[in-house]
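This report describes how the parts of a protein model are arranged and where they touch. Please examine the sequence and the structure before reading on.

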Amino acid sequence: MTSGPLLSSVQMASFVARGFLRFDGVVPDDINRQFMAEAGEIPEAQDGVRIRKLYGEALAANAIPEVAAGTPLADAYPHGSALARLLDLPLVRGAVESLLGDRPVFDHHFLHVTFPPAYHAAGGGENVSQHTHQDSTIDPRTAFDLQIMYYPHAVTRPMGGTRFVPGTHLRKVSEVALGRYQNIRGQQHMVCEAGTLLFLHHGIWHGGGVNLSDRTRFMFKIRMHASGPQTRRWDLSDLPPPNSGPGPQRPIFYRKTAPEPNTVATVLTTPEPWFEQDTSRLEYVNRIRLWRYLAEDPTFDVDYWMTRLETNPV
Amino acid sequence: MSKRTTRGAAMNRPAPRPLRQKVLVLYLANSALDSPTVAWAVYDGTGETLHMAGDADEPPYATGLAALRDGWRLFQASQLLPHTRGEEFDLAYLKYEFFFEQLVEIDP
């Protein structure tokens with residue numbers, strides 16, 4: 001797999017700070033149509049037939065293959081299939097390489113289907129949204145896995161869409177233990193055009209939105225991880241060399257002008273609407289730590305958050 | 001008032017209507033009840049409304065104090081706990097959680 005255009009430092013900083021990158025309508029329509037054909041038809045709602053049964057039969061019959069965990073991503077999908085073509089898009093290749101390095105490894109994938117109310121009524125189930133959760137389990141690593149969410153058709157607000165909460169990815173929680181939180185300030189709902197991709201840090205809090213429309217909704221997720229170092233893999237042309245030290249940092253708190261937008265420093269210290277007043281500062285510390293890891297630069301700092309903690313005169 | 005009269009009055013009193021609990025959970029920006037709401041949930045034991053994840057992008061109350069002023073009764077607040085040495089920067093669940101309730105009469 002050869003690389004495409006790499007992410008910029010500001011895009012990487014945004015991923016570090018917010019846990020996602022969104023690319024709207026970047027998958028060509030012919031791939032979207034091919035994917036929908038390979039994903040197969042979902043039968044009409046039938047009285048007395050539970051969604052679980054319809055879902056299971058549809059997954060078994062479609063053309064999307066089972067793939068063994070640990071397979072090189074480049075070998076996960078048959079040549080010419082919609083997913084192989086999607087992963088070969090230059091934008092996708094470049095973003096994946098920027099975040100994971102070359103030769104990423106497939107973890108798992110899943111076809112998420114969210115059914116309209118008629119299916120729940122026919123099958124006797126309740127039509128509700130999925131509880132907000134973090135995928136997998138408690139994950140104390142600094143390294144991260146990447147999850148690509150692919151929206152092969154347009155998603156309207158009544159269709160639900162994936163709900164996610166920017167900036168939650170660095171919190172170490174246990175899967176759906178946080179299900180009690182119904183709504184969080186700043187949550188986003190994926191309303192998008194066909195061919196949109198959402199690149200997520202594995203830790204981001206998310207859930208499937210309830211589908212109140214009359215159309216079945218599809219989303220395909222692929223989880224992958226690095227096979228080697230995932231550090232310093234993006235476009236580093238605007239980055240100072242590592243270990244050059246933070247030097248004099250920008251003025252903090254007492255500033256007469258707004259900080260310069262679209263810089264790594266500003267992006268890493270931009271709060272989310274849900275941030276608590278004290279822990280927002282711990283979020284900055286954790287973002288800086290992740291940036292240090294990715295940039296291989298243990299001296300990096302913004303606004304003295306780390307320098308202050310590391311100043312320990314003898 | 002004689003016992004007989006009291007008993008008679010009690011017999012004429014209408015039976016109490018059943019109560020159901022509505023629960024409001026607010027997550028605030030710090031431990032003060034008048035700090036801003038950052039997350040929330042509503043669970044309605046009357047069955048009149050069904051709330052679920054992602055059903056509102058704006059909170060029902062701007063602060064915990066606003067909920068008190070609207071008649072919600074606070075019955076639980078998260079504790080303030082010291083930070084474990086070595087884990088001072090680890091973040092997990094939302095920190096300032098406040099449980100409120102309303103008791104609502106329903107038709108038997």
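In this predicted model, helices α1(A) and α8(A) are oblique to each other, because their packing angle of about 135 degrees falls neither over 145 degrees nor within 65 to 115 degrees. The axes of α1(A) and α8(A) lie 9 Å apart, and the crossing of the two helices is right-handed. Helix α1 of chain A covers residues 9-18, and helix α8 of chain A covers residues 279-295.

Which residues bring these two helices together? From α1(A), Met12(A), Ala13(A), Val16(A) and Ala17(A) take part. They meet Arg287(A), Leu290(A), Trp291(A) and Leu294(A) of α8(A). By class, the residues of this contact comprise 7 nonpolar, no polar and 1 charged.

**The two domains of chain A**

The domain assignment divides chain A into domain 1, residues 9-225, and domain 2, residues 240-314. Taken over C-alpha atoms, the centres of these two domains of chain A are separated by 31 Å. Domain 1 of chain A places 15 residues in the contact, and domain 2 of chain A places 16 residues there. Which element gives the most to the side of domain 1 of chain A that touches domain 2 of chain A? Helix α1 of chain A does, with 7 residues. That side of domain 1 of chain A consists of 9 nonpolar, 5 polar and 1 charged residues.

**The sheets of chain A**

One open sheet of chain A has 5 strands in the order β1-β7-β3-β9-β2, with antiparallel pairing. Strands β1 (20-23) and β2 (105-114) of chain A stand at its edges, and each has a single partner strand, so one side of each is left without a neighbour in the sheet. On average, neighbouring strands of this sheet are turned by 15 degrees against each other, with direction ignored. Within the sheet, β2(A) pairs with β9(A), residues 217-225, in the antiparallel sense. Helix α5 of chain A, residues 90-100, lies across β1, β3, β7 and β9 of chain A. The helix runs at about 160 degrees to β3(A).

Another open sheet of chain A has 3 strands in the order β6-β4-β8, again with antiparallel pairing. Here β6 (188-189) and β8 (205-208) of chain A are the edge strands; each has a single partner strand, so one side of each lacks a neighbour in the sheet.

**The contact between chains A and B**

How many residues of each chain are in contact with the other? The contact involves 23 residues of chain B and 31 residues of chain A. On the side of chain B that touches chain A, strands β1 (19-28) and β2 (37-44) of chain B each supply at least two residues. The largest share of that side, 4 residues, comes from β2(B). By class, the side of chain B that touches chain A has 16 nonpolar, 3 polar and 4 charged residues.

Strand pairing also links the two chains. Strand β5 of chain A, residues 183-184, runs antiparallel to β2(B) and is joined to this strand by 2 bridges. Asn183(A) has Trp40(B) as its bridge partner in β2(B), while Ile184(A) stands opposite Ala39(B). Within chain B, β2(B) is also joined to β1(B) in the antiparallel sense.

**Strand pairs compared**

The table lists four antiparallel strand pairs, each followed by an example of two residues that face each other.

| Strand pair | Number of bridges | Example of opposite residues |
|---|---|---|
| β2(A) and β9(A) | 9 bridges | Phe106(A) and Met224(A) |
| β1(B) and β2(B) | 7 bridges | Leu24(B) and Val42(B) |
| β4(A) and β6(A) | 2 bridges | Phe164(A) and Gln188(A) |
| β5(A) and β2(B) | 2 bridges | Ile184(A) and Ala39(B) |

Technical notes:
Residues numbered from 1 in each chain as written. Chains lettered and ligands numbered in written order. Predicted model: local features only at pLDDT ≥ 70, side-chain atom pairs only at ≥ 80, totals over all residues. Domains from an automatic or database assignment. Contact = placed C-beta atoms within 7 Å. Nonpolar A, V, L, I, M, F, W, Y, C, P; charged D, E, K, R; others polar. Axes fitted to C-alpha atoms, helices over the stretch in contact; angles between N-to-C directions. Parallel < 35°, antiparallel > 145°, perpendicular 65-115°, else oblique. Left-handed = near helix turned anticlockwise from the far one by under 90°. Pairing = 2+ DSSP bridges.
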